[in-house]
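Thanks for sharing this one with me. Here are my notes, point by point, to read alongside the structure.

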Amino acid sequence: MSNTQTIEEGTEAKKIPELEHRNFRNDEFWQKIPGWSTVTRDEFNDHKWQVKNSVQKIKQVQKILGPLCTPELLSDLEAGQKITPMNIRITPYMFALIDWTNPWDDPLRKQFLPLGSQFLPDHAYYEADSLGEDTDSPVPMLTHRYPDKVLFLPTTICPVYCSYCTRSRIIGGSTETVDKSTYGANQKKWDDAFEYLLRNPLIEDVVISGGDSYMLTPKQLKYIGESLLKIPHIRRIRYATKGIAIFPQKILTDDDWVNALRDVHEFGRRYGKQVVVHTHFSSPQEITKASQQAMDRLFSLGILVRNQAVLQSGVNNSVDTMVKLTRQLGFINVQPYYVYMHDMVPGCEHFRTTLAEGIELEKAVRGTTAGFNTPTFVCDLPGGGGKRHVASYEYYDKENGISVWRAPYVKPGELFTYFDPIHKLSKEAQKRWADKATVEAMVKEAKSKVE
Ligand code: SF4
């Protein structure tokens, strides 16, 4: 397993063969899964079949995989369920794209089916609400941090549950380690949020996230979109969904949902306002012919899609993977927008990378394609400082993995800290992190460099 894989300073991208990023698999890959060996292409491409056969229990994993699920894998998956803060839900499409001959190292398995053996102790400075979204919430379901932009969370359910989710405190159902007050659609609460937006004329931009916009019915999608677009000062809305990455079949065969999105988009155009979609491809292994076809459909409707990936160790923290992902996304008309440093949330220490790795990856990726198709690598500051470019820290103690930041417009005068994962530091630094008083002194000293 390669969880400790690290990018060295000055790592360069191998020139990928000119046309490699244009090759998308289009085989019947799901038929390699014993439980789906007779499923036809038409069945597999039907969004209703995908929902009905989504995997939500380890017992289902065992049943569908048959002999591919070794006793060792089964017991590791079961151990993972005792630790993870996220439920299991994975679409057959994503499940079948996992290389089940080597699930231990597979980037998709890592994102959706946690193993007990992969977890590391949480960092001393982790927080369930690391970004302070609840603190900056003036009314339920709304986070208002930047002057002109809000985050609206109309639902807490998703078509897949990602092990790296930054909102593991609320998304999906309760687990053995986390009690959650998950909520579904609630129009009265949505109206309260719209009322707040109406009263705040500085707000121009609304991110509709969650949870996942894929889980809104066509009627709800339209209600939310049109209600927001009717507010005079709202100029831009973005539906956030991981759906295009993990479940393109819905775009291809759920006409009611796509038509609702098209209608909101056209409604926005009539008002001179932007309606776009933000999605979350994290690995080139997630991109197939179906992804390209789904994007072709959205592109033909004039709908712009941007991508926000999360940097994850063993998933995409290699230069070649990140370059390929960036170029493939550009090719299918998904605009790479952000790559996030992993948030400091529970159950994710094994996914996190050092800030230095984020900076090296950004350096290596820049220049491999057009600037507008090159993602910006950002750190969303713990404590609610907002997103900052990875190289815009005020001070970085690489040896001890402590970076200090300012967010002058968002929270003037405040200092923020982000910490590298301890297992990626030197043995001496790891020893220092084992002593509470030393840790406090190191953090104080780092802050003093910019105070
Ligand atoms: S789709 Fe987004 S909100 Fe849902 S579990 Fe994944 S990261 Fe979290």
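1. A word on terms before we start: two strands count as paired if DSSP finds at least two bridges between them. Please also keep in mind that this is a predicted model. With that in hand, strand β11 (residues 402-406) pairs with β12 in the antiparallel sense, over five bridges. Within this pair, Val404 faces Thr417 of β12.

2. These two strands belong to an open sheet of three strands, ordered β10-β11-β12, with antiparallel pairing. β10 (395-397) and β12 (415-419) stand at the edges with a single partner strand each, so one side of each has no neighbour in the sheet. On average, neighbouring strands here are turned by 20° against each other, direction ignored.

3. What packs on this three-stranded sheet? Helix α16 (residues 436-448) does, and it touches β10, β11 and β12. The direction of α16 makes about 40° with that of β11.

4. Now to the other sheet I would like you to look at. Nine strands form it, in the order β1-β2-β3-β4-β5-β6-β7-β8-β9; this sheet is open and its pairing is mixed. Its edge strands are β1 (142-144) and β9 (386-389), each pairing on one side only. From one strand to the next, the twist averages 30°.

5. For a parallel pair in the nine-stranded sheet, take β4 (residues 236-240) and β5 (residues 274-279), which are joined over five bridges. Ala240 stands opposite His278 of β5. Helix α8 (residues 218-229) lies across β4 and β5, and also across β2 (149-152) and β3 (205-208). Relative to β4, α8 runs at about 160°.

6. For an antiparallel pair, turn to β8 and β9, with four bridges between them. Lys387 in β9 is the bridge partner of Asp380. The two strands form a hairpin with four residues between them, and Gly383 in the turn has a positive phi of about 95°. Helix α14 (residues 355-365) lies across β8 (376-381) and β9, at about 155° to β8.

7. Last, the ligand. Where does the ligand sit? It occupies the largest cavity. The residues around the ligand are Met86, Cys158, Val160, Tyr161, Cys162, Cys165, Ile171, Gly210, Gly211, Asp212 and Lys242. Sorted by class, this shell has seven nonpolar, two polar and two charged residues. If you check the classes yourself, note that Cys and Tyr count as nonpolar here and Gly as polar.

Technical notes:
Residues are numbered from 1 along each chain as its sequence is written. This is a predicted model: local features need pLDDT of at least 70, side-chain atom pairs count only at pLDDT 80 or more; totals for chains, interfaces and linings use all residues. Side-chain values use heavy atoms; hydrogens and water are left out. A residue is near a molecule or strand if one of its heavy atoms lies within 4 Å of it. On a 1 Å grid over the protein atoms alone, a cavity is a set of points where a 1.4 Å probe fits but cannot get out, and a pocket is an open set with protein on both sides within 12 Å along at least five of seven lines; lining residues have an atom within 4 Å of a point. A molecule sits in a cavity or pocket if more than half of its atoms lie within 2 Å of its grid points. Axes are lines fitted to C-alpha atoms, for helices over the stretch in contact, and angles run from 0 to 180 degrees between N-to-C directions. Contact means heavy atoms within 4.5 Å.
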